[in-house]
Amino acid sequence: MPSQQQLVIQSYTNGFVAGNLSQILSCVTDDLVWEFNGSQVIEGREGFAEHMRNDLGSGTPELTIERFVEQDDVVVAINRGRFVPGDGEPVEFVSAEVFGFRDGKICRIQTYQPMD
């Protein structure tokens with residue numbers, strides 16, 4: 001049985017796959033911090049929304065959560081997916097995302113995705 005936090009992550013992921021920015025943003029706090037591969041950091045829901053608009057506008061994502069690992073207010077999702085850019089060949093990927101929670105919403109995301 002999935003935990004409440006896992007259900008929030010699933011809703012967030014479903015929003016990403018559907019290109020539904022409102023659904024994605026309903027899962028995160030206003031002061032969200034998103035870190036990508038330890039180098040790129042975006043702070044705040046509005047900055048994150050801007051980044052998501054660009055990502056969602058550049059192609060079609062597919063994403064499957066293969067496994068959750070959970071401890072207290074932190075959940076790790078192991079993902080496998082494919083991104084089809086609007087003007088290019090599909091790109092397969094695997095990733096791990098660490099989600100921190102506060103008051104039932106995602107307040108921190110750390111994404112680790114190998115880049116070719």
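Student: Which residue forms a salt bridge with Arg102?
Tutor: This is a predicted model, so we go by its atoms. The closest N and O atoms of the pair are 2.5 Å apart, and a salt bridge needs a side-chain nitrogen of Lys or Arg within 4 Å of a carboxyl oxygen of Asp or Glu. The residue on the other end is Asp31.

Student: How many residues apart are Arg102 and Asp31 in the chain?
Tutor: Arg102 sits in strand 5, residues 91-102, while Asp31 belongs to strand 1, residues 28-36. So this pair ties together distant parts of the chain. The separation is 71 residues.

Student: Is Arg102 buried, partly exposed or exposed?
Tutor: Buried means under 20% relative accessible area and exposed means over 50%. Arg102 comes out at 36%. Its partner Asp31 has 43% and lands in the same class, partly exposed. So the class for Arg102 is partly exposed.

Student: How many salt bridges are there in the whole structure?
Tutor: Opposite charges on side chains can pair when the charged atoms come close. A search through the whole structure turns up such pairs, and the count is six.

Student: What separates Arg53 and Glu50 along helix 3?
Tutor: Their side chains also meet in a salt bridge, at 3.9 Å from N to O. Both lie in helix 3, residues 45-57, and they are three residues apart. Residues three or four places apart in an α-helix point the same way, because there are 3.6 residues a turn. The separation is therefore about one helical turn.

Student: What is the relative accessible area of Glu50?
Tutor: Arg53, the partner in the salt bridge, is partly exposed at 44%. Glu50 counts as partly exposed too, and its value is 46%.

Student: Which strands does the salt bridge of Glu62 and Arg82 link?
Tutor: These side chains meet at 3.5 Å, N to O. Glu62 and Arg82 are 20 residues apart, and the pair links distant parts of the chain. Glu62 is partly exposed at 37%, and Arg82 is partly exposed at 26%. The link runs between strand 3 (residues 59-71) and strand 4 (residues 74-85).

Student: How many residues of strand 1 are buried?
Tutor: Strand 1 has nine residues and is mostly covered. The number that count as buried is seven.

Student: Which residue stands opposite Phe36?
Tutor: Look at how strand 1 pairs with strand 6, residues 105-112: the two run in the parallel sense over five bridges. In strand 6, the residue facing Phe36 is Thr111.

Student: And which residue of strand 2 stands opposite Glu35?
Tutor: Strand 1 and strand 2 run antiparallel and are joined by four bridges. Across from Glu35, in strand 2, is Val41.

Student: Which residue takes a positive phi in the hairpin of strand 1 and strand 2?
Tutor: That hairpin has three residues between its strands. The phi in question is near 55 degrees, in a residue other than glycine, and this residue is partly exposed at 29%. It is Asn37.

Student: Where is Asp72 found?
Tutor: Asp72 has a positive phi as well, near 55 degrees, and again it isn't a glycine. With a relative accessible area of 65%, Asp72 is exposed. You'll find Asp72 in the loop between strand 3 and strand 4.

Student: Why do the buried residues of helix 3 lie on the same side?
Tutor: The buried ones are Phe48, Ala49, His51, Met52 and Leu56. What puts them on the same side of helix 3 is the arc they cover around the axis, only 165 degrees.

Student: Which exposed residues are on the face of helix 3 turned away from its buried side?
Tutor: The buried side is covered by elements including helix 1, strand 1 and strand 6. The face turned away from the buried side carries the exposed residues Glu46 and Gly57.

Student: Which residue follows helix 1?
Tutor: Helix 1 covers residues 4-18 and reaches 21 Å from its first C-alpha to its last, close to what is expected. Its buried residues include Val8, Ile9, Tyr12 and Phe16. Right after helix 1 comes a residue with a positive phi near 70 degrees, Gly19.

Conventions
Residues are numbered from 1 along each chain as its sequence is written. This is a predicted model: local features need pLDDT of at least 70, side-chain atom pairs count only at pLDDT 80 or more; totals for chains, interfaces and linings use all residues. Side-chain values use heavy atoms; hydrogens and water are left out. The expected span of a helix is 1.5 Å times one less than its number of residues. Buried means under 20% relative accessible area, exposed over 50%, partly exposed in between (1.4 Å probe, protein chains only). Two strands pair if DSSP finds at least two bridges between them. The arc is that of the directions from the helix axis to the C-beta atoms. Contact means heavy atoms within 4.5 Å.
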